[in-house]
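Hi everyone, thanks for coming. I'd like to walk you through one model today, so please have a look at the screen while I talk.

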Amino acid sequence: MHEFTVTGPLVGGALIGLSASLLLLFNGRVAGISGIFGGLLFREPGETAWRAAFVAGLLLGGLALAAAHPGAFPPAGGGSLGLVVAAGLLVGLGARLGNGCTSGHGVCGLSRLSARSLVATMTFMATAAITVYVSHHLLGAAR
């Protein structure tokens, strides 16, 4: 990180909050990405169009940012494909066990003052901190 600025995170957070609020207002749905994406894999009648549009918006937003500010996405680390796949499966399993992901609980659940979401988000954050500590300090993973 070369210099700290609050502008990008502030604008990004406001846009995430706005999109979550609009989805709840117009569709009556919580913006939990794992649930939205999971609904595309295991289709529910009448649910595909809005889910596909939401996921496409996420992907297009990332592509637009990469085109406008290539430095926003540093080169990927040297992790093996097997490790990346295993990590992705564990994240998916954790989201399923927690009845939601960080976006569903952390953004939408906390804003609705859900006690369950508070516990889930604290668990996600503690697990992330432990994982970083173990992988970087105990196992010596590349930074």
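Let me begin with how the elements are counted: helices are DSSP runs of H or I with at least four residues, strands are E runs of at least two, and the numbering goes from the N terminus. Counted that way, this protein has six helices and zero strands. Please keep in mind that we are looking at a predicted model. Reading from the N terminus, the order is simply α-α-α-α-α-α. Along the principal axes, the C-alpha atoms fill a box of roughly 45 × 35 × 30 Å. Of the 143 residues in the protein, 16% are buried.

Now to the pockets. The largest pocket has a volume of about 1,000 Å³. It is lined by 29 residues, and those closest to its centre are Leu90, Val91, Gly92, Gly94 and Ala95. Which helix gives the largest share of that lining? That would be H4, with 11 residues. Helix H2, at 33–41, helix H4, at 81–97, and helix H6, at 115–138, each supply at least two residues of this lining. By character, the lining of the largest pocket splits into 14 nonpolar, 13 polar and two charged residues.

The second largest pocket comes in at about 630 Å³. Here 19 residues form the lining, and Gly12, Leu15, Ile16, Leu58 and Gly61 are the closest to the centre. H1, helix H3 at 48–68 and helix H5 at 102–111 each supply at least two residues of the lining of this second pocket. The most comes from H3, which gives seven residues. And how many of the residues lining the second largest pocket are charged? There are no charged residues in that lining, which has 11 nonpolar and eight polar ones.

Let me stay with leucine 15 for a moment, since you have just heard its name. Leucine 15 sits in helix H1, which covers residues 7–27. With a relative accessibility of 51%, leucine 15 counts as exposed, because the cut-off for exposed is over 50%. Leu15 also belongs to a nonpolar surface patch of about 630 Å², together with Val11, Leu18, Leu22, Leu25 and Phe26. So leucine 15 appears twice in this talk: in that nonpolar surface patch, and among the residues closest to the centre of the second largest pocket.

On to the charged side chains. The count comes to two salt bridges, and Arg29, Glu47 and Arg51 are linked by them in a network. One of the contacts joins the side chains of glutamate 47 and arginine 29, at 2.7 Å from N to O. Glutamate 47 lies in the loop between H2 and H3 and arginine 29 in the loop between H1 and H2, so this pair ties together parts that are 18 residues apart in sequence. The other contact is between arginine 51 and glutamate 47, at 3.2 Å, again N to O.

Are the members of this network buried or exposed? Glutamate 47 has a relative accessible area of 11%, so it is buried. Arginine 51 is buried as well, while arginine 29, with 31%, is partly exposed.

A few single residues to finish with. Threonine 48 lies in helix H3 and is partly exposed, with a relative accessible area of 27%. Its C-alpha atom and that of glycine 71 are separated by 34 Å, with the two residues 23 apart along the chain.

Phenylalanine 73 is in the loop between H3 and H4. Phenylalanine 73 is partly exposed too, at 46% relative accessible area. From phenylalanine 73 to glycine 62 the C-alpha distance is 9.4 Å, and the two are 11 residues apart in sequence.

My last stop is a backbone angle. Most residues other than glycine have a negative phi. Leucine 113, however, has a positive phi, near 60 degrees. Where does leucine 113 lie? You will find leucine 113 in the loop between H5 and H6, and at 78% relative accessibility it counts as exposed.

That's my tour, and I'm happy to go back to any part of it.

Definitions and conventions
Residues are numbered from 1 along each chain as its sequence is written. This is a predicted model: local features need pLDDT of at least 70, side-chain atom pairs count only at pLDDT 80 or more; totals for chains, interfaces and linings use all residues. Side-chain values use heavy atoms; hydrogens and water are left out. Patches are made of residues with over 30% relative accessible area and no salt bridge: like charges are joined within 9 Å, nonpolar side chains (Val, Leu, Ile, Met, Phe, Trp, Tyr) within 5 Å. Accessible areas come from the Shrake-Rupley method with a 1.4 Å probe; for residues, only the protein chains shown count as cover. A salt bridge is a side-chain nitrogen of Lys or Arg within 4 Å of a carboxyl oxygen of Asp or Glu. Buried means under 20% relative accessible area, exposed over 50%, partly exposed in between (1.4 Å probe, protein chains only). On a 1 Å grid over the protein atoms alone, a cavity is a set of points where a 1.4 Å probe fits but cannot get out, and a pocket is an open set with protein on both sides within 12 Å along at least five of seven lines; lining residues have an atom within 4 Å of a point. Grid points are joined across faces, edges and corners, and a volume is the space filled by probe spheres set on the points. Ala, Val, Leu, Ile, Met, Phe, Trp, Tyr, Cys and Pro count as nonpolar, Asp, Glu, Lys and Arg as charged, and the others, Gly among them, as polar.
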